[in-house]
Amino acid sequence: MMRIITLIFIIVTFFSCQKAYEKEEVKAIEEITNDYLKKNHLDKYYLNPKDFFGKPTTKASIDTLDFKLYLSDALMPLSQIREDNKWMFKNNDFNKSDSIIFYAIMDSKKFKELEYREYDKSKIKLIKPYKQFNEDIKPNDDYSKILFSRVCFDEKMENGIVVIDYLIGNESGYTNGYNMALLIKKKNNKWSYVSRR
């Protein structure tokens, strides 16, 4: 009887830990998506734009902007991505302490164990002026697309690694993009990514 109770306790603990991990993973994906879009699209081209010579130019009003984002609901295994794209994980761009964190997570058992999973992307709340879309692209529509890997956290869930595949496109295809393994950090209960030098 004691063995059955112990087994039930272990199973319940395992599933509750797994649910907590997956919940934190979705939170990280939401916050990294918004952090990435703000820094690399919204601020750069619309809210703090610079001309060819690096001088500030006319800012757009956020109320006049409307951007479409396709967000994949499939999270690919990190170990598979690393196997196919080793260059993404050759860390040459972090400071020493961040580099140690990056490699420790990459060498962890969890990094190798994380499998493909799907999640409910409708739960992801995007910052203004981004909206998720799934319909067909119309002529002259501009849009962004983001695909993520699984997120591998350290034991304290204060740091993590995720691969982002960011594409900007229109009806004719993709015109620009970025594909890289990111180191992410949680500060004040919010996830953001560490910019590479």
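This is a short tour of one predicted model, stop by stop.

Residues are numbered from 1 along each chain as its sequence is written, and side-chain values use heavy atoms, without hydrogens or water. Because the model is predicted, local features need pLDDT of at least 70 and side-chain atom pairs count only at pLDDT 80 or more, while totals for chains, interfaces and linings use all residues.

**The whole chain**

Start with a cartoon view of the chain. It has four helices and nine strands; these are DSSP runs, H or I of at least four residues for helices and E of at least two for strands, numbered from the N terminus. Along the sequence the pattern is α-β-β-α-α-α-β-β-β-β-β-β-β.

Now show the surface. The chain exposes about 12,400 Å², and carbon and sulfur atoms supply 55% of that area (Shrake-Rupley method, 1.4 Å probe; for residues, only the protein chains shown count as cover). Of the 197 residues, 40% count as buried (under 20% relative accessible area; exposed is over 50%, partly exposed in between; 1.4 Å probe, protein chains only). Among contacts with a separation of 6 or more, 67% are between residues 24 or more positions apart (a contact means heavy atoms within 4.5 Å).

**Strand 1 and its partners**

Select residues 67-71, which form strand 1. In a regular strand the side chains alternate between the two faces of the sheet. Here Phe67, Leu69 and Leu71 are on the covered face, and Lys68 and Tyr70 are on the uncovered one.

Add residues 130-132, strand 4, which pairs with strand 1 in the parallel sense over three bridges (strands pair if DSSP finds at least two bridges between them). Lysine 68 stands opposite lysine 131 of strand 4. Then add strand 5, residues 142-148, which runs parallel to strand 1 and is joined to it by four bridges. In this pairing, leucine 71 stands opposite isoleucine 146.

**Aromatic rings**

Next, show the aromatic side chains. The structure holds 11 aromatic pairs (rings of Phe, Tyr and Trp, the last by its six-membered ring, with centres within 6.5 Å; planes under 30 degrees apart are stacked, over 60 edge-to-face, the rest tilted). Select phenylalanine 67 and tyrosine 130: their ring centres are 5.4 Å apart and their planes are at 35°, so the pair is tilted. Phenylalanine 67 lies in strand 1 and tyrosine 130 in strand 4, so this pair ties together parts 63 residues apart in sequence. Phenylalanine 67 is buried at 13% relative accessible area, and tyrosine 130 is buried at 4%.

Move to phenylalanine 94 and phenylalanine 102, a tilted pair with 5.3 Å between centres and 45° between planes. Phenylalanine 94 is buried at 5% and phenylalanine 102 at 0%.

Then select Tyr36, Tyr166, Tyr178 and Tyr193, which ring pairs link into a cluster. Add lysine 39, whose charged end sits over the ring of tyrosine 193, 4.4 Å from its centre (NZ of Lys or CZ of Arg within 6 Å of the ring centre and within 35 degrees of the ring normal).

**The nonpolar core**

Which residues touch the most other members of the largest nonpolar core? Of its 46 residues, they are Leu78, Phe89, Phe102, Ile146, Phe148, Ile161 and Ile184 (a core is a set of buried Ala, Val, Leu, Ile, Met, Phe, Trp, Tyr and Cys residues joined through side-chain atoms within 4.5 Å). Helix 1, residues 2-47, gives the largest share of this core, eight residues.

End on phenylalanine 102. Leaving out residues up to four places away in sequence, phenylalanine 102 touches Phe89, Asn91, Phe94, Ile161, Ala181, Leu183 and Arg196.
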